[in-house]
Amino acid sequence: MTENAAAVDMVMGKSSIRRRILALLIAEPDQRLHLREIQRRVGTSPGTASRELALLVAAGLVEREAEGHQVYFRPTSSPFATMVRTLLLVPAVQAPDHAANGVAPVDATPEPARPPRTIRGSAPARTNPRRPDALGLRVLSRLAAGLGPLYAERLAGVFLYGARARGDAQPDADVEIVVVLNTIDRYGDELERTSAAFAGISLELGLIVSRVFVSEAAWQSEIEGRLSVMRSEAMSG
Amino acid sequence: MSERAAQLIEGAERAIASAHRELDAEDTEAAAERACVAMLRLAKACLDVDGLAPGPTQAVCIAYGSQFGRSGRMYSAYHRWLLDAADLRKASSGDLNLPVDLASIATAVERAEIFRDAVVRFVEHNP
(Lines give C-alpha, C1' and ligand atoms only; values in the text may rest on other atoms or scores of the structure.)
Protein backbone atom coordinates (compact mmCIF):
# COMPACT_ATOMS: atom_id res chain seq x y z
CA MET A 1 0.00 0.00 0.00
CA THR A 2 2.91 2.34 0.73
CA GLU A 3 4.08 2.40 -2.84
CA ASN A 4 0.55 3.30 -3.87
CA ALA A 5 0.07 6.15 -1.45
CA ALA A 6 1.14 8.79 -3.91
CA ALA A 7 -1.10 7.34 -6.55
CA VAL A 8 -4.07 7.31 -4.18
CA ASP A 9 -3.44 10.95 -3.41
CA MET A 10 -3.19 11.68 -7.05
CA VAL A 11 -6.33 9.84 -8.06
CA MET A 12 -8.41 11.23 -5.28
CA GLY A 13 -6.97 14.68 -5.62
CA LYS A 14 -8.74 17.77 -6.82
CA SER A 15 -8.40 17.22 -10.54
CA SER A 16 -11.88 16.41 -11.78
CA ILE A 17 -10.49 15.89 -15.28
CA ARG A 18 -8.14 13.19 -13.99
CA ARG A 19 -10.99 11.45 -12.21
CA ARG A 20 -13.19 11.65 -15.24
CA ILE A 21 -10.54 10.24 -17.50
CA LEU A 22 -9.91 7.34 -15.17
CA ALA A 23 -13.62 6.79 -14.69
CA LEU A 24 -14.14 6.78 -18.42
CA LEU A 25 -11.43 4.17 -18.94
CA ILE A 26 -12.60 2.04 -16.03
CA ALA A 27 -16.16 2.14 -17.30
CA GLU A 28 -14.99 0.47 -20.48
CA PRO A 29 -12.19 -1.80 -19.30
CA ASP A 30 -12.28 -4.02 -22.36
CA GLN A 31 -11.75 -1.17 -24.75
CA ARG A 32 -8.81 1.04 -25.40
CA LEU A 33 -9.46 4.65 -26.20
CA HIS A 34 -7.26 7.03 -28.11
CA LEU A 35 -6.28 10.41 -26.83
CA ARG A 36 -8.63 12.39 -29.05
CA GLU A 37 -11.64 10.34 -28.02
CA ILE A 38 -10.79 10.65 -24.34
CA GLN A 39 -10.33 14.38 -24.70
CA ARG A 40 -13.66 14.71 -26.50
CA ARG A 41 -15.65 12.56 -24.11
CA VAL A 42 -14.23 14.14 -21.01
CA GLY A 43 -14.68 17.58 -22.44
CA THR A 44 -11.23 19.03 -22.00
CA SER A 45 -8.36 20.23 -24.14
CA PRO A 46 -5.90 17.79 -25.75
CA GLY A 47 -3.09 19.25 -23.68
CA THR A 48 -4.88 18.74 -20.40
CA ALA A 49 -5.96 15.25 -21.35
CA SER A 50 -2.43 14.35 -22.35
CA ARG A 51 -0.97 15.72 -19.13
CA GLU A 52 -3.47 13.91 -16.90
CA LEU A 53 -3.04 10.67 -18.82
CA ALA A 54 0.70 10.87 -18.35
CA LEU A 55 0.16 11.08 -14.60
CA LEU A 56 -2.18 8.11 -14.66
CA VAL A 57 0.32 6.08 -16.68
CA ALA A 58 3.08 7.03 -14.24
CA ALA A 59 0.90 5.84 -11.36
CA GLY A 60 0.41 2.46 -13.00
CA LEU A 61 -3.32 2.88 -13.32
CA VAL A 62 -3.42 3.28 -17.08
CA GLU A 63 -1.30 1.72 -19.76
CA ARG A 64 -0.31 3.40 -22.98
CA GLU A 65 -0.12 1.63 -26.32
CA ALA A 66 1.27 3.23 -29.46
CA GLU A 67 0.00 1.96 -32.77
CA GLY A 68 1.14 3.83 -35.84
CA HIS A 69 0.39 7.46 -35.26
CA GLN A 70 -2.28 6.73 -32.68
CA VAL A 71 -1.75 6.35 -28.95
CA TYR A 72 -4.30 4.31 -27.05
CA PHE A 73 -5.00 4.09 -23.34
CA ARG A 74 -6.67 1.46 -21.22
CA PRO A 75 -6.85 0.72 -17.47
CA THR A 76 -4.34 -1.75 -16.13
CA SER A 77 -5.50 -4.92 -14.44
CA SER A 78 -3.31 -4.55 -11.39
CA PRO A 79 -4.78 -5.14 -7.92
CA PHE A 80 -4.25 -1.47 -7.20
CA ALA A 81 -6.25 -0.46 -10.25
CA THR A 82 -9.01 -2.77 -9.05
CA MET A 83 -8.96 -1.08 -5.68
CA VAL A 84 -9.15 2.35 -7.29
CA ARG A 85 -12.08 1.16 -9.36
CA THR A 86 -13.89 0.42 -6.13
CA LEU A 87 -12.91 3.78 -4.71
CA LEU A 88 -14.33 5.49 -7.74
CA LEU A 89 -17.70 3.81 -7.37
CA VAL A 90 -18.97 6.93 -5.69
CA PRO A 91 -21.70 8.66 -7.59
CA ALA A 92 -21.75 12.13 -8.97
CA VAL A 93 -25.15 12.81 -7.52
CA GLN A 94 -24.56 11.42 -4.09
CA ALA A 95 -26.14 13.41 -1.33
CA PRO A 96 -23.68 15.88 0.14
CA ASP A 97 -23.93 14.96 3.80
CA HIS A 98 -26.28 12.28 5.03
CA ALA A 99 -25.40 12.99 8.63
CA ALA A 100 -26.73 16.52 8.57
CA ASN A 101 -29.12 17.48 11.32
CA GLY A 102 -32.82 17.84 10.86
CA VAL A 103 -35.03 17.38 7.85
CA ALA A 104 -35.58 20.59 5.98
CA PRO A 105 -38.63 21.11 3.82
CA VAL A 106 -38.02 20.80 0.12
CA ASP A 107 -38.31 24.02 -1.82
CA ALA A 108 -40.01 23.13 -5.08
CA THR A 109 -39.07 26.44 -6.68
CA PRO A 110 -36.86 25.76 -9.68
CA GLU A 111 -33.35 27.11 -9.51
CA PRO A 112 -30.40 26.82 -11.84
CA ALA A 113 -29.00 23.31 -11.76
CA ARG A 114 -25.44 22.89 -10.60
CA PRO A 115 -23.00 20.65 -12.40
CA PRO A 116 -22.65 17.12 -11.02
CA ARG A 117 -19.51 15.87 -9.36
CA THR A 118 -18.88 13.29 -12.03
CA ILE A 119 -16.63 10.57 -10.80
CA ARG A 120 -17.49 7.53 -12.82
CA GLY A 121 -18.96 7.05 -16.24
CA SER A 122 -18.75 9.02 -19.40
CA ALA A 123 -18.39 12.71 -18.90
CA PRO A 124 -21.09 14.91 -20.33
CA ALA A 125 -20.43 16.23 -23.79
CA ARG A 126 -19.70 19.92 -23.82
CA THR A 127 -22.45 20.65 -26.29
CA ASN A 128 -25.06 18.67 -24.38
CA PRO A 129 -24.30 18.82 -20.69
CA ARG A 130 -26.49 16.66 -18.50
CA ARG A 131 -27.21 18.03 -15.12
CA PRO A 132 -29.47 16.68 -12.43
CA ASP A 133 -32.41 18.94 -11.82
CA ALA A 134 -32.53 21.14 -8.77
CA LEU A 135 -35.66 19.62 -7.28
CA GLY A 136 -34.22 16.12 -7.49
CA LEU A 137 -31.08 17.25 -5.73
CA ARG A 138 -32.99 18.98 -2.97
CA VAL A 139 -35.11 15.90 -2.36
CA LEU A 140 -31.97 13.81 -2.34
CA SER A 141 -30.32 16.08 0.17
CA ARG A 142 -33.30 16.09 2.45
CA LEU A 143 -33.76 12.34 2.36
CA ALA A 144 -30.09 11.74 2.98
CA ALA A 145 -30.26 13.97 6.03
CA GLY A 146 -33.09 11.86 7.38
CA LEU A 147 -31.68 8.48 6.43
CA GLY A 148 -28.24 9.12 7.90
CA PRO A 149 -29.33 9.04 11.54
CA LEU A 150 -31.85 6.29 10.77
CA TYR A 151 -29.31 3.87 9.34
CA ALA A 152 -26.07 5.15 10.85
CA GLU A 153 -23.18 2.95 9.76
CA ARG A 154 -25.43 0.71 7.66
CA LEU A 155 -25.89 3.49 5.14
CA ALA A 156 -23.35 3.39 2.33
CA GLY A 157 -24.95 6.03 0.15
CA VAL A 158 -28.09 7.72 -1.08
CA PHE A 159 -28.26 8.48 -4.78
CA LEU A 160 -30.52 10.08 -7.32
CA TYR A 161 -31.00 8.20 -10.58
CA GLY A 162 -33.31 8.21 -13.57
CA ALA A 163 -34.57 11.19 -15.52
CA ARG A 164 -33.95 13.68 -12.76
CA ALA A 165 -30.34 12.58 -12.44
CA ARG A 166 -29.87 12.64 -16.19
CA GLY A 167 -31.34 16.10 -16.37
CA ASP A 168 -34.02 15.27 -18.91
CA ALA A 169 -36.99 15.00 -16.54
CA GLN A 170 -40.46 16.31 -17.23
CA PRO A 171 -41.83 18.51 -14.42
CA ASP A 172 -44.01 15.70 -13.07
CA ALA A 173 -41.34 13.00 -13.32
CA ASP A 174 -40.80 10.73 -10.36
CA VAL A 175 -37.87 11.44 -8.08
CA GLU A 176 -36.03 8.12 -8.06
CA ILE A 177 -33.71 7.33 -5.20
CA VAL A 178 -31.30 4.46 -4.58
CA VAL A 179 -30.47 3.71 -0.95
CA VAL A 180 -27.30 1.64 -0.67
CA LEU A 181 -26.96 -0.33 2.55
CA ASN A 182 -24.10 -2.50 3.66
CA THR A 183 -26.55 -5.38 4.09
CA ILE A 184 -30.22 -5.97 3.42
CA ASP A 185 -31.80 -8.69 5.53
CA ARG A 186 -35.46 -8.22 4.71
CA TYR A 187 -36.45 -5.87 1.95
CA GLY A 188 -39.84 -5.10 3.45
CA ASP A 189 -38.23 -3.90 6.67
CA GLU A 190 -36.31 -1.25 4.75
CA LEU A 191 -39.49 -0.12 3.02
CA GLU A 192 -41.23 0.12 6.36
CA ARG A 193 -38.41 2.06 8.00
CA THR A 194 -38.46 4.68 5.29
CA SER A 195 -42.13 4.65 4.44
CA ALA A 196 -43.16 7.77 6.34
CA ALA A 197 -40.26 9.84 5.04
CA PHE A 198 -40.87 9.00 1.40
CA ALA A 199 -44.63 9.26 1.61
CA GLY A 200 -44.34 12.59 3.41
CA ILE A 201 -42.16 14.12 0.73
CA SER A 202 -44.37 12.68 -1.99
CA LEU A 203 -47.41 14.30 -0.40
CA GLU A 204 -45.63 17.57 0.08
CA LEU A 205 -44.48 17.83 -3.51
CA GLY A 206 -47.40 16.16 -5.23
CA LEU A 207 -44.90 13.86 -6.91
CA ILE A 208 -43.84 10.27 -6.54
CA VAL A 209 -40.59 9.91 -4.65
CA SER A 210 -39.65 6.26 -5.05
CA ARG A 211 -36.77 4.26 -3.69
CA VAL A 212 -34.99 1.00 -4.15
CA PHE A 213 -32.59 -0.57 -1.68
CA VAL A 214 -29.39 -2.08 -2.96
CA SER A 215 -26.65 -3.85 -1.06
CA GLU A 216 -23.28 -2.21 -1.21
CA ALA A 217 -21.77 -5.33 -2.76
CA ALA A 218 -24.32 -5.41 -5.59
CA TRP A 219 -24.02 -1.67 -6.17
CA GLN A 220 -20.29 -1.92 -6.57
CA SER A 221 -20.02 -5.16 -8.45
CA GLU A 222 -22.85 -5.40 -10.94
CA ILE A 223 -21.47 -4.73 -14.37
CA GLU A 224 -24.52 -5.26 -16.51
CA GLY A 225 -28.29 -5.16 -16.30
CA ARG A 226 -30.71 -2.55 -15.03
CA LEU A 227 -28.80 -1.91 -11.82
CA SER A 228 -25.71 -1.11 -13.80
CA VAL A 229 -27.68 1.32 -15.96
CA MET A 230 -29.14 2.89 -12.84
CA ARG A 231 -25.69 3.34 -11.41
CA SER A 232 -24.32 4.89 -14.55
CA GLU A 233 -27.25 7.29 -14.68
CA ALA A 234 -26.70 8.29 -11.10
CA MET A 235 -23.04 8.77 -11.63
CA SER A 236 -23.11 10.62 -14.88
CA GLY A 237 -25.86 12.95 -13.77
CA MET B 1 -71.43 1.92 -4.19
CA SER B 2 -71.03 2.88 -7.85
CA GLU B 3 -70.74 0.26 -10.52
CA ARG B 4 -67.21 1.36 -11.28
CA ALA B 5 -66.15 1.15 -7.64
CA ALA B 6 -67.68 -2.31 -7.39
CA GLN B 7 -65.78 -3.42 -10.48
CA LEU B 8 -62.54 -2.04 -9.13
CA ILE B 9 -63.00 -3.81 -5.83
CA GLU B 10 -63.80 -7.06 -7.61
CA GLY B 11 -60.68 -6.58 -9.69
CA ALA B 12 -58.66 -6.02 -6.54
CA GLU B 13 -60.07 -9.24 -5.08
CA ARG B 14 -58.92 -11.14 -8.13
CA ALA B 15 -55.48 -9.56 -7.91
CA ILE B 16 -55.18 -10.50 -4.24
CA ALA B 17 -56.20 -14.09 -4.98
CA SER B 18 -53.67 -14.20 -7.78
CA ALA B 19 -50.99 -12.77 -5.50
CA HIS B 20 -51.59 -15.61 -3.06
CA ARG B 21 -51.19 -18.14 -5.83
CA GLU B 22 -47.96 -16.53 -6.96
CA LEU B 23 -46.70 -16.50 -3.38
CA ASP B 24 -47.41 -20.22 -3.16
CA ALA B 25 -45.46 -20.67 -6.38
CA GLU B 26 -42.67 -18.51 -4.88
CA ASP B 27 -42.80 -16.15 -7.83
CA THR B 28 -41.80 -12.92 -6.14
CA GLU B 29 -42.06 -10.75 -9.23
CA ALA B 30 -45.58 -11.85 -10.11
CA ALA B 31 -46.80 -11.77 -6.51
CA ALA B 32 -45.49 -8.24 -5.94
CA GLU B 33 -47.03 -7.12 -9.20
CA ARG B 34 -50.45 -8.50 -8.26
CA ALA B 35 -50.29 -7.00 -4.77
CA CYS B 36 -49.52 -3.61 -6.28
CA VAL B 37 -52.32 -3.92 -8.80
CA ALA B 38 -54.74 -4.70 -5.99
CA MET B 39 -53.66 -1.61 -4.07
CA LEU B 40 -54.01 0.56 -7.18
CA ARG B 41 -57.50 -0.72 -7.96
CA LEU B 42 -58.59 -0.09 -4.38
CA ALA B 43 -57.16 3.41 -4.48
CA LYS B 44 -59.08 4.00 -7.70
CA ALA B 45 -62.26 2.83 -6.02
CA CYS B 46 -61.73 5.46 -3.32
CA LEU B 47 -61.05 8.13 -5.92
CA ASP B 48 -64.20 7.15 -7.76
CA VAL B 49 -66.16 8.38 -4.76
CA ASP B 50 -64.69 11.81 -5.43
CA GLY B 51 -65.45 11.55 -9.13
CA LEU B 52 -61.80 11.07 -10.08
CA ALA B 53 -60.58 8.41 -12.51
CA PRO B 54 -56.81 8.66 -12.95
CA GLY B 55 -55.19 6.03 -15.12
CA PRO B 56 -51.45 5.58 -14.79
CA THR B 57 -49.91 4.32 -11.58
CA GLN B 58 -48.19 7.63 -10.95
CA ALA B 59 -51.44 9.59 -11.32
CA VAL B 60 -53.34 7.20 -9.06
CA CYS B 61 -50.75 7.45 -6.29
CA ILE B 62 -50.59 11.23 -6.48
CA ALA B 63 -54.35 11.65 -6.62
CA TYR B 64 -54.90 9.24 -3.75
CA GLY B 65 -52.32 11.10 -1.69
CA SER B 66 -53.94 14.40 -2.50
CA GLN B 67 -57.44 13.24 -1.62
CA PHE B 68 -56.79 10.85 1.24
CA GLY B 69 -53.18 11.09 2.38
CA ARG B 70 -53.75 13.67 5.07
CA SER B 71 -57.46 14.29 5.00
CA GLY B 72 -58.36 11.86 7.75
CA ARG B 73 -61.01 10.30 5.53
CA MET B 74 -58.94 7.14 5.32
CA TYR B 75 -56.19 5.84 7.60
CA SER B 76 -53.06 7.70 6.48
CA ALA B 77 -50.96 4.53 6.44
CA TYR B 78 -52.88 3.30 3.41
CA HIS B 79 -51.19 5.97 1.33
CA ARG B 80 -47.80 4.76 2.52
CA TRP B 81 -48.76 1.18 1.79
CA LEU B 82 -49.79 2.14 -1.71
CA LEU B 83 -46.43 3.77 -2.43
CA ASP B 84 -44.58 0.92 -0.76
CA ALA B 85 -46.43 -1.60 -2.91
CA ALA B 86 -45.39 0.29 -6.04
CA ASP B 87 -41.77 0.39 -4.88
CA LEU B 88 -41.86 -3.29 -3.96
CA ARG B 89 -43.13 -4.07 -7.46
CA LYS B 90 -40.28 -2.13 -8.97
CA ALA B 91 -37.73 -3.84 -6.74
CA SER B 92 -39.13 -7.26 -7.55
CA SER B 93 -38.91 -6.82 -11.28
CA GLY B 94 -36.54 -9.30 -12.79
CA ASP B 95 -34.27 -6.81 -14.46
CA LEU B 96 -33.22 -5.27 -11.15
CA ASN B 97 -32.46 -8.55 -9.42
CA LEU B 98 -32.77 -7.11 -5.92
CA PRO B 99 -33.00 -9.35 -2.84
CA VAL B 100 -36.76 -9.16 -2.35
CA ASP B 101 -37.96 -11.96 -0.10
CA LEU B 102 -41.30 -13.75 -0.08
CA ALA B 103 -42.10 -12.60 3.46
CA SER B 104 -41.92 -8.96 2.41
CA ILE B 105 -44.34 -9.59 -0.43
CA ALA B 106 -46.63 -11.59 1.82
CA THR B 107 -46.80 -8.51 4.04
CA ALA B 108 -47.77 -6.41 1.03
CA VAL B 109 -50.55 -8.85 0.19
CA GLU B 110 -51.83 -8.78 3.76
CA ARG B 111 -51.90 -5.02 3.59
CA ALA B 112 -53.86 -5.13 0.37
CA GLU B 113 -56.44 -7.27 2.17
CA ILE B 114 -56.66 -4.81 5.04
CA PHE B 115 -56.95 -1.94 2.59
CA ARG B 116 -59.66 -3.81 0.69
CA ASP B 117 -61.78 -4.15 3.82
CA ALA B 118 -61.37 -0.46 4.58
CA VAL B 119 -62.18 0.57 1.02
CA VAL B 120 -65.33 -1.55 0.99
CA ARG B 121 -66.49 0.19 4.16
CA PHE B 122 -65.55 3.58 2.77
CA VAL B 123 -67.37 3.28 -0.54
CA GLU B 124 -70.42 1.76 1.10
CA HIS B 125 -70.69 4.75 3.41
CA ASN B 126 -69.89 7.25 0.67
CA PRO B 127 -72.01 6.19 -2.30
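Q: How do you know which share of the contacts in chain A between residues at least 6 apart in sequence joins residues at least 24 apart?
A: In this predicted model, contact means heavy atoms within 4.5 Å, and among such contacts in chain A between residues at least 6 apart in sequence, 67% join residues at least 24 apart. Residues are numbered from 1 along each chain as its sequence is written, and chains are lettered from A in the order in which they are written. Local features need pLDDT of at least 70, side-chain atom pairs count only at pLDDT 80 or more, and totals for chains, interfaces and linings use all residues, while side-chain values use heavy atoms, with hydrogens and water left out.

Q: Why is the pairing of A:Arg211 and B:Asp87 called a salt bridge?
A: The term requires a side-chain nitrogen of Lys or Arg within 4 Å of a carboxyl oxygen of Asp or Glu; the side chains of A:Arg211 and B:Asp87 meet at 2.8 Å, N to O, and therefore the pair satisfies the rule. Across the interface of chain A and chain B, six salt bridges are found.

Q: What makes up the side of chain A that touches chain B, by class?
A: That side has 15 nonpolar residues (Ala, Val, Leu, Ile, Met, Phe, Trp, Tyr, Cys and Pro), seven charged ones (Asp, Glu, Lys and Arg) and six polar ones (the others, Gly among them).

Q: How much area is buried between chain A and chain B?
A: Buried area is the accessible area (1.4 Å probe) that two parts lose on being put together, summed over both, and for chain A and chain B this comes to about 2,100 Å², with 57% given by carbon and sulfur atoms.
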